[in-house]
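Work through these exercises with the structure open. Each task is followed by a stepwise solution.

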Amino acid sequence: MSYSDKVIDHYNNPRNVGSMDKSSADVGTGLVGAPECGDVMKLQIKVNRETNVIEEARFKTFGCGSAIASSSLATEWVKGKTVEEALTIKNMDIVKELSLPPVKIHCSVLAEDAIRAAIGDWKKKQESAKPVASAVAQ
Amino acid sequence: MTNSSLTTITAKPVPEETQSCWSCGTMRAVHFCQACGKVQPPSPVDYFTFFGLPRKLNLDLAALEKDFYELSRKLHPDLNARAGSREQEWSLQQSSLLNDAHRTLKDPIKRTQYLLQLEGVELEEQSKTATEQARSTGQIKKQIVPPDLLEEVFELNMQLEELRMHKKMGEDDPALIEEIGRQKLALDGKQESLLRELEYDWKMWDGMIQREHNGQPVSEEERKQERDKMVDLLNRRNYIRNLVRDVDEALEN
């Protein structure tokens, strides 16, 4: 099996590799895995509290070239989108963009999972932050 | 060749789909006629049935090997070289089926995966299915392996990457190597205990199949529960297996 040019590009020059402060209230972290192959992917987003726009995204993936490319592309795509817009990204969009073969579809699934998990983590932080904020205000 | 000494084949009732021997007309086993010894056309049976075994997971491996070698001899295409071309073709197909069945059943993990597949579990599809579910309900997808295992996998991978980087730069980091070595021991232990856990699951599964065989009804719920336990275990094992492989690689290079 050969990788598409886009996969190779993301693999050789991954965008947005790294991490952000997990404990920050504006940062959502998603850590997901694909049991089929044993890959793990961590994706983090930094969200603007006023606009709900994802301003920063970082990832770190241990897995095959397709998994790395899928998560690299996912960080590119979520940046500049609102949280709700980012939730509309589907794994098949990633499959199409990277021309992933059927055996690598689970890599794109992993990337979608990571986006959802990161957003879910951020939302949870916002909800639990509310009562604390009002307590401080008093 | 009127009598077969095959331990399992002869002990089992002949499967329903078995018809009479194309050559001599008497009843045949799935592979060759027990009366006249002629190779039979392959019938579409699963690997357990091919060896005349029930769908149980605790296998008598010695008996399986014995049956395998005896069938290999009887079905070997060279042996049937002088037979009609039809028989030779069957012999070839049966031999290849025999090899696949043997390779799958003798390995504990492959055997378990195969049984789950026969039971309708799509191991390759579970993540996708869960994602589709999460998408349609707007919920966060339930991860198929426990979060703390994912965390552990991620952290160890970070350390391995650091080690590779040090090695690339020609630097020595004995403390890191020692730490990774410790983790490796822990992983080996984990792999061992997963295998023991799997053996326990086999016991439960086999007991259920036996009860069913004895005429006691087994609910679909119980079947699913036993299946799910094994699926969960195989999923966790995939991560551990990859980690052991990666740690070995990183320490060796």
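**Exercise 1.** In which sense do β1(A) and β2(A) pair, and over how many bridges?

*Solution.* Start with the ground rules. This is a predicted model: local features need pLDDT of at least 70, side-chain atom pairs count only at pLDDT 80 or more, and totals for chains, interfaces and linings use all residues. Residues are numbered from 1 along each chain as its sequence is written, and chains are lettered from A and ligands numbered from 1 in the order in which they are written.

Strands (E, at least two residues) and helices (H or I, at least four) are DSSP runs, numbered from the N terminus. Two strands pair if DSSP finds at least two bridges between them. β1(A) and β2(A) have eight bridges, in the antiparallel sense. Within this pair, A:A34 faces A:D39 of β2(A).

**Exercise 2.** Place the strands of the chain A sheet, then find the helix on it.

*Solution.* The strand order is β1-β2-β3 in an open, antiparallel sheet. β1 and β3 (54-62) of chain A are the edge strands, each pairing on one side only. From one strand to the next, the twist averages 15°. Now add α2 (65-78) of chain A, which packs on the sheet and touches β2 and β3. Its direction makes about 175° with that of β3(A). Axes are lines fitted to C-alpha atoms, for helices over the stretch in contact; angles run from 0 to 180 degrees between N-to-C directions.

**Exercise 3.** How many residues of chain A are in contact with chain B, and which element supplies the largest share?

*Solution.* Contact means C-beta atoms, placed from the backbone, within 7 Å. Count: 19 residues of chain A meet 20 of chain B. β1 (27-34), β2 (39-47) and α5 (105-137) of chain A each supply at least two residues of the chain A side. The largest share, eight residues, comes from α5(A).

Technical notes
Two residues are in contact if their C-beta atoms, placed from the backbone, lie within 7 Å.
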